[in-house]
Amino acid sequence: MTTEVRSLREFKMPDVGEGLTEAEILSWYVKPGDTVTDGQVVCEVETAKAAVELPIPFNGVVEQLFFPEGATVDVGTVIISVAVAGEAGAAAPAVPAPAAAPAPAEAEPEPAEPERRAVLVGYGPRTGGTQRRARRTTTTKVATTAPAAPVAPVAPVAPAPAPVVPEQPSGERPLAKPPVRKLAKDLGVDLRAVTPTGPAGVITREDVHAHAAAAAAAVAPVAAPAAPEASVAVPVAASGAGDVRVPVKGVRKATAQAMVASAFTAPHVTEFVQVDVTRTMKFVRRLKESGELGRDVRVSPLLLVAKALLVAIKRHPEINAHWDEAAQEIVIRGQVNLGIAAATPRGLIVPNIKDAGGKTLSGLAVSLGELIDTARQGKTSPADMQGGTITITNVGVFGVDTGTPILNPGEAAILAFGAVRELPWVHKGKVVPRQVTTLALSFDHRLVDGELGSKVLADVAALLEHPKRLITWG
């Protein structure tokens with residue numbers, strides 16, 4: 001006869017597939033005493049790129065929340081403990097006791113447990129001899145309300161032979177739980193391409209995250225040399241008359257690191273051109289009034305600017321490139337993932353439209369509208385911000401004529417679209433009022449020389465001056 005026992009399982013802050021080191025807890029959806037089930041979302045966290053909801057990977061009753069909302073927590077730190085039911089002798093306790101030497105044969109009946117727990121990147125045991133990277137000793141800025149007793153580290157598990165993964169016939173549906181399927185959809189991962197590591201060939205969350213991390217072409221911001229950190233964070237408080245200190249974290253922190261890395265790594269060159277966009281503005285009005293692109297499809301000048309840039313890239317594909325420092329090679333991208341700089345309540349983000357160059361004007365309008373709406377709602381996923389190849393920033397919406405935009409790390413060029421103003425302009429031999437804008441193109445001079453940058457900018461200007469060229473040149 002077996003007796004039911006209850007043990008504590010701890011859920012750690014995972015790496016949600018972006019290679020980041022910390023996240024801020026925005027809100028808790030559960031409290032101590034609540035019952036949770038496998039796959040249930042328990043909290044929302046903000047990484048350096050997006051807000052992400054975290055699902056718990058087991059069933060039980062919430063025992064303790066280790067951090068309050070607003071706390072910044074390192075990846076791998078326990079954030080919640082859950083009391084789970086089990087049978088005596090069925091599995092090893094969640095928190096093992098310290099052991100001076102490896103246990104003999106009694107520790108053998110545990111093979112299924114690591115498979116069950118490996119559900120999120122950065123969480124749970126790993127197979128083989130893979131080791132985690134070293135972590136700072138100062139973990140977070142906020143102390144726990146009721147710190148748990150120190151937990152002894154899990155003794156290293158001897159490498160076992162790799163399990164035989166059943167091959168899935170090409171026509172068969174991959175085995176995965178609904179929460180894993182949703183995660184794969186959110187990250188843009190095709191489950192048929194994922195190698196399963198779970199029992200009987202089941203795909204786990206960790207499999208999905210590992211595949212997304214391997215396939216993503218995102219360029220991580222270059223980390224600055226680590227400086228000694230204060231043990232106590234400086235709160236938002238006035239240091240002088242009227243002065244307020246605002247902690248730099250989340251999206252703002254990532255943006256600062258990326259911009260510094262880009263500005264001091266890529267030699268920037270910016271070129272400017274003023275262009276008469278009167279015909280383009282008339283074309284935009286006609287498209288809005290006719291509804292030719294579809295009902296409820298948003299049509300704006302930015303749409304025509306995006307299309308003009310895509311046509312220019314088709315004529316000069318070398319601008320859609322990346323500098324590979326390690327290999328000392330220029331990588332010309334085969335696909336255009338068009339980034340759109342978006343100001344959100346959490347800071348500046350640059351989601352991108354995948355394979356924008358392959359879309360029709362109607363398809364581009366739909367994708368652009370969805371990207372902007374999702375960004376404004378703060379629901380942009382990490383997958384939407386990975387793999388960008390070239391960017392547009394629409395500074396004109398703020399009434400600004402132009403600027404010298406800084407490159408998104410890993411990209412060769414960024415186009416700034418300024419405000420459209422009515423100005424005196426020579427048209428057909430007469431000075432008349434025309435709608436004029438200023439375009440600015442910043443590019444990485446290591447791989448884009450002045451001739452290529454000038455040709456791309458001139459093409460964009462020519463297409464916006466005579467939008468019918470979008471058809472003849474495209």
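Q: Which residues of α8 are buried?
A: Let's start with this helix of the predicted model, which covers residues 450-465. Buried here means under 20% relative accessible area. The residues of α8 that meet this cut-off are Leu452, Gly453, Val456, Leu457, Asp459, Val460, Ala461, Ala462, Leu463 and Leu464.

Q: What covers the buried residues of α8?
A: The cover includes both helices and strands. Among the strands are β9 (268-276), β17 (413-417) and β19 (430-444). Among the helices are α5 (278-290), α6 (301-315) and α9 (469-472).

Q: How far apart are the end C-alpha atoms of α8, and why does that agree with its 16 residues?
A: The expected span is 1.5 Å times one less than the number of residues. For the 16 residues of α8 that gives 22 Å, so the model agrees with the expectation: the end C-alpha atoms are apart by 22 Å.

Q: Which residues of α6 are buried?
A: This helix is mostly covered, with twelve of its 15 residues buried. From its first C-alpha to its last, α6 reaches 21 Å, close to the 21 Å expected at 1.5 Å a residue. Its buried residues are Leu302, Leu303, Leu304, Val305, Ala306, Lys307, Ala308, Leu309, Leu310, Val311, Ala312 and Ile313.

Q: Which element supplies the largest share of the largest nonpolar core?
A: In general, nonpolar side chains tend to be buried together in soluble globular proteins. The largest nonpolar core here has 50 residues, and those with the most contacts inside it are Leu303, Leu309, Leu338, Ile392, Leu415 and Leu439. At least two residues each come from α5, α6, β12 (338-340), α7 (361-376), β16 (390-393), β17, β19 and α8. The largest share, eleven residues, comes from α6.

Q: Which residues does isoleucine 392 touch, not counting those up to four places away in sequence?
A: Ile392 is one of the residues with the most contacts inside the largest core. A contact needs heavy atoms within 4.5 Å. On that basis, isoleucine 392 touches Leu302, Val305, Ala306, Leu309, Leu338, Gly339, Ile340, Ala341 and Leu415.

Q: What is the order of the strands in the open sheet of four strands?
A: The pairing in this sheet is antiparallel, and its edge strands are β5 (51-55) and β7 (72-74), each of which pairs on one side only. Neighbouring strands are turned by 40° against each other on average, direction ignored. The order is β5-β4-β2-β7.

Q: Which residue in β7 does glutamate 24 stand opposite?
A: Strand β2 spans residues 22-28 and runs antiparallel to β7, with three bridges joining the two. Glutamate 24 stands opposite threonine 72.

Q: Is aspartate 296 buried or exposed?
A: Aspartate 296 is found in the loop between α5 and α6. Its phi is near 65°, a positive value in a residue other than glycine. The cut-off for exposed is over 50%. At 76% relative accessibility, aspartate 296 therefore counts as exposed.

Q: What is the relative accessible area of glutamine 328?
A: Glutamine 328 lies in the loop between β10 (321-324) and β11 (329-332). It has a positive phi of about 55° although it is not a glycine. Glutamine 328 is exposed, because its relative accessible area is 52%.

Q: What share of the residues in the protein chain is buried?
A: The chain's secondary structure comes to nine helices and 19 strands. Its accessible surface is about 25,600 Å², of which 57% belongs to carbon and sulfur atoms. Of the 474 residues, the buried ones make up 40%.

Methods: Residues numbered from 1 in each chain as written. Predicted model: local features only at pLDDT ≥ 70, side-chain atom pairs only at ≥ 80, totals over all residues. Heavy atoms only, no water. Buried < 20%, exposed > 50% of the residue type's maximum accessible area, 1.4 Å probe, protein only. Areas by Shrake-Rupley, 256 points an atom, 1.4 Å probe, with all protein chains shown as cover. Pairing = 2+ DSSP bridges. Axes fitted to C-alpha atoms, helices over the stretch in contact; angles between N-to-C directions. Core = buried A, V, L, I, M, F, W, Y, C linked by side-chain atoms within 4.5 Å.
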